[in-house]
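Me: I would like a close look at the aromatic side chains in this model and at what surrounds them. Please keep to one connected account.

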Amino acid sequence: MTTAYYSTVLDHPLGTVWSLIRDFNNYPAYIEGVSKSMIEDDRRGDEIGAIRRFCYRGNWVRQRLAAHSDDAHLLTYAGIEPLPFPAALAEDHSPVRYEGTMHLREVVEGNRTFIEWSVALDTASQDAARWQKLFQSWIPDWTHSLARALARSAS
């Protein structure tokens with residue numbers, strides 16, 4: 001098991017950030033490259049067990065909402081199927097399992113939000129470093145995309 005992790009402070013209030021990400025189906029609103037997202041079986045986007053299917057850069061991905069807390073401002077999702085990307089790693093093994101967590105905390109000074117985003121990857125030991133490096137590059141990109149979405153909605 002290996003983990004990729006990124007944290008930063010967003011210049012927006014906790015309630016604003018949480019209202020954008022708390023709906024598991026809201027991915028296209030804050031992750032650039034996600035063109036569509038849908039929750040299967042008519043479940044709600046805050047219902048634990050809900051499965052979202054989304055298109056990211058032309059690739060369809062399915063994830064299950066594993067944990068969701070309005071009190072703790074925490075959302076955890078788990079991959080259901082092997083990742084279909086990137087094409088450069090197509091002949092390599094995808095992680096057998098992965099689980100991502102977004103956790104928000106209030107930064108009192110300046111009414112900002114501290115975000116931690118981690119992804120735990122369960123993969124073959126020979127592939128662990130490669131996958132950790134890849135996710136370690138993706139998570140900051142996704143977090144910066146979230147920050148840009150917040151900036152757009154604030155203006």
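Reply: What follows starts from one aromatic pair and works outward to the core, the flanking elements and the charged side chains. The model is predicted, and side-chain atom pairs are counted only at pLDDT 80 or more.

There are 9 aromatic pairs in the structure. One of them is formed by Tyr 98 and Phe 135, with 6.2 Å between the ring centres and 40° between the planes, which makes the pair tilted. Tyr 98 belongs to strand E6 (residues 97-107) and Phe 135 to helix H3 (residues 128-154), so this pair ties together parts that are 37 residues apart in sequence. Tyr 98 and Phe 135 are both buried. The two rings also belong to an aromatic cluster, whose members are Tyr 56, Tyr 98, Trp 117, Trp 131, Phe 135, Trp 138 and Trp 142.

Phe 135 deserves a further look. Leaving aside neighbours within four places in sequence, Phe 135 is in contact with Ala 4, Leu 83, Val 119, Leu 121, Pro 140 and Trp 142. Phe 135 is also a member of the largest nonpolar core, which has 37 residues. Within this core, Tyr 30, Trp 117, Phe 135, Trp 142 and Leu 146 touch the most other members. Helix H3 supplies the largest share of the core, 9 residues. In soluble globular proteins, nonpolar side chains tend to be buried together.

Helix H1 (residues 14-21) has a buried set of its own: Leu 14, Val 17, Trp 18, Leu 20 and Ile 21. Viewed down the axis of H1, these residues fall within an arc of 160°, so they line one face of the helix.

Val 17 leads to His 12, which touches Val 17 as well as Asn 111, Arg 112, Thr 113, Ala 147, Leu 150, Ala 151 and Ala 154, not counting residues up to four places away in sequence. His 12 is found in the loop between E1 and H1. With a relative accessible area of 13%, His 12 is buried because the limit for that class is under 20%.

Thr 113 is also a contact of Thr 8, together with Phe 114, Ile 115 and Thr 143, when neighbours within four places in sequence are left aside. Thr 8 lies in strand E1 (residues 2-10). Its relative accessible area is 23%, and Thr 8 is therefore partly exposed. Between Thr 8 and His 144 the C-alpha to C-alpha distance is 9.4 Å, while the two are 136 residues apart in sequence.

Another aromatic side chain to consider is Phe 54, in strand E3 (residues 51-56). At 4% relative accessibility, Phe 54 counts as buried. Apart from neighbours within four places in sequence, its contacts are Tyr 27, Val 34, Lys 36, Ser 37, Asn 59, Trp 60, Val 61 and Gln 63. Phe 54 and Ala 151 are 97 residues apart in sequence and 23 Å apart in space, C-alpha to C-alpha.

Two of the rings that Phe 54 contacts, those of Tyr 27 and Trp 60, have an arginine over them. The charged end of Arg 52 sits over the ring of Tyr 27, at 3.8 Å from its centre. For the ring of Trp 60 the partner is Arg 53, whose charged end sits 4.5 Å from the ring centre.

Charged side chains also pair with each other, and the whole structure contains 12 salt bridges. In one, Asp 122 and Arg 97 have their closest N and O atoms 3.0 Å apart. That pair links distant parts of the chain, with Asp 122 in strand E7 (residues 112-122) and Arg 97 in strand E6, 25 residues apart. Asp 122 is partly exposed at 23% relative accessibility.

Glu 81 and Arg 62 form another salt bridge, again with 3.0 Å between the closest N and O atoms. Glu 81 lies in the loop between strand E5 (74-79) and E6, and Arg 62 in strand E4 (residues 59-69), so this salt bridge ties together parts that are 19 residues apart in sequence. Glu 81 has a relative accessible area of 36% and is partly exposed; Arg 62, at 21%, is partly exposed too.

A further salt bridge joins the side chains of Glu 47 and Arg 44, at 3.9 Å from N to O. Glu 47 is partly exposed at 22% relative accessibility, whereas Arg 44 is exposed at 51%.

Terms used
Residues numbered from 1 in each chain as written. Predicted model: local features only at pLDDT ≥ 70, side-chain atom pairs only at ≥ 80, totals over all residues. Heavy atoms only, no water. Phe/Tyr/Trp six-rings, centres within 6.5 Å; stacked < 30°, edge-to-face > 60°. Helix = DSSP H or I, 4+ residues; strand = E, 2+ residues; numbered from the N terminus. Buried < 20%, exposed > 50% of the residue type's maximum accessible area, 1.4 Å probe, protein only. Lys NZ or Arg CZ within 6 Å of the ring centre and 35° of its normal. Contact = heavy atoms within 4.5 Å. Arc of directions from axis to C-beta. Core = buried A, V, L, I, M, F, W, Y, C linked by side-chain atoms within 4.5 Å. Salt bridge = Lys/Arg side-chain N within 4 Å of Asp/Glu carboxyl O.
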